[in-house]
Amino acid sequence: MSVHKGISNQLSQKNREINLFIQLDKEREAAIAHAVELCEANQPYSTDRINELSLQINELAKQGSIPTRTYVTEQMVEEFVEKKRK
């Protein structure tokens, strides 16, 4: 019975990690979209929030079953916007 409970607890933990990853990744994508929008409008923007979320995701990934995310620079945003314009 304790083996079953142990497996159940492990699966519950993994499920929480995956759900947290999904939430953080959605927030990160929204932050990227917002930065791109501001850049396209020639408004000031920051990648700080994107990278805060990337850090949280990467810390979660250290536990094994979550993919990592790349940190984003302002240059990366600008290059993306420039490519979109072409």
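Two residues are in contact here when they have heavy atoms within 4.5 Å of each other. Keep that in mind for the close-ups below, which all come from a predicted model.

**View 1. Ile50 and the residues it touches.** Ile50 is part of helix H2. Leaving aside residues up to four places away in sequence, Ile50 touches Arg28, Ala31, Ile32, Ala35 and Val72. Is Ile50 buried or exposed? Its relative accessibility is just 1%, so Ile50 counts as buried, given that buried means under 20%.

**View 2. Ile50 and His34, measured off by their C-alpha atoms.** Along the chain, Ile50 and His34 are 16 residues apart. In space, their C-alpha atoms are separated by 9.8 Å.

**View 3. Asn58, another stop on helix H2.** Asn58 also sits in helix H2. Which residues does Asn58 touch, not counting those up to four places away in sequence? They are Thr68, Arg69 and Tyr71. Asn58 has a relative accessibility of 12%, so this residue counts as buried too.

**View 4. Asp48 out on the surface.** Now for a residue of helix H2, which spans residues 48-61, with a different story: Asp48. Asp48 has a relative accessible area of 52%. Exposed means over 50%, so Asp48 makes the cut.

**View 5. A negative patch on the surface.** Asp48 teams up with Glu74, Glu78 and Glu79 to form a negative surface patch. Where does the largest share of the negative patch come from? Look to helix H3, residues 74-85, which supplies three residues. Asp48, for its part, belongs to helix H2.

Conventions:
Residues numbered from 1 in each chain as written. Predicted model: local features only at pLDDT ≥ 70, side-chain atom pairs only at ≥ 80, totals over all residues. Heavy atoms only, no water. Patch = residues over 30% accessible without salt bridge, like charges linked within 9 Å, V, L, I, M, F, W, Y side chains within 5 Å. Areas by Shrake-Rupley, 256 points an atom, 1.4 Å probe, with all protein chains shown as cover. Salt bridge = Lys/Arg side-chain N within 4 Å of Asp/Glu carboxyl O. Lys, Arg positive; Asp, Glu negative; His and termini not counted. Charge placed at Lys NZ, Arg CZ, Asp CG, Glu CD. Helix = DSSP H or I, 4+ residues; strand = E, 2+ residues; numbered from the N terminus. Buried < 20%, exposed > 50% of the residue type's maximum accessible area, 1.4 Å probe, protein only.
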